[in-house]
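Let's take a walk through this fold together, strand by strand and then out to the surface. Have the viewer open as you read.

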Amino acid sequence: MFDRDLGAAAVSCPPADPLSLIQFYSIELMPTADGCFSVGVVATICEREGELESMEMASERVTTIDEALAVIREALILKH
């Protein structure tokens, strides 16, 4: 009985604010062969101590830098 209670106490609860799991963002902007751009936003999160994982926040193909910035802005602002 004591061991079971001790094991339950060792399990960590998820944080109240999931945004606190985000360690940093990576933004990728690549020109494509047809003159457009591919833009991606990835968040690196840490759900468990010492384990980093990537989570895609946005990925789109756009025609202008302004559209690329809008994708980035939407991915970051809507999450905060």
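Which residue of β2 is the bridge partner of L29? The partner is V39. Before going further, a word on the source: this is a predicted model, in which local features need pLDDT of at least 70 and side-chain atom pairs count only at pLDDT 80 or more, while totals for chains, interfaces and linings use all residues. Residues are numbered from 1 along each chain as its sequence is written, and side-chain values use heavy atoms, with hydrogens and water left out.

The L29 pair belongs to a longer ladder: strands β1 (residues 22-31) and β2 (residues 37-48) run antiparallel and are joined by nine bridges. Here strands are DSSP runs of E with at least two residues, helices are runs of H or I with at least four, and both are numbered from the N terminus; two strands pair if DSSP finds at least two bridges between them. Also along β1 and β2, E28 stands opposite G40. The hairpin of these strands has five residues in between, and G35 adopts a positive phi near 90 degrees there.

On to the next hairpin. β2 is joined to β3 by 11 bridges, again in an antiparallel arrangement, and S38 has R61 as its bridge partner in β3. Two residues separate the strands of this hairpin, and G50 in the turn has a positive phi of about 80 degrees. Why is β2 described as largely enclosed by the rest of the structure? Nine of its 12 residues are buried, where buried means under 20% relative accessible area, exposed over 50%, and partly exposed in between (1.4 Å probe, protein chains only).

Now for the surface. E60, D66, E67 and E74 form a negative patch, and helix α2 (residues 65-77) gives the largest share, three residues. E60 lies in strand β3 (residues 51-62) and is partly exposed, at 41% relative accessible area. Patch residues have over 30% relative accessible area and no salt bridge, with like charges joined within 9 Å and nonpolar side chains within 5 Å; a salt bridge puts a side-chain nitrogen of Lys or Arg within 4 Å of a carboxyl oxygen of Asp or Glu.

L29 returns here too: with I65 and L69, L29 makes a nonpolar surface patch of about 250 Å². L69 lies in helix α2 and counts as partly exposed, at 41% relative accessibility.

Technical notes: Accessible areas come from the Shrake-Rupley method with a 1.4 Å probe; for residues, only the protein chains shown count as cover. Lys and Arg count as positive and Asp and Glu as negative; His and the chain ends are not counted. The place of a charge is taken as NZ of Lys, CZ of Arg, CG of Asp or CD of Glu.
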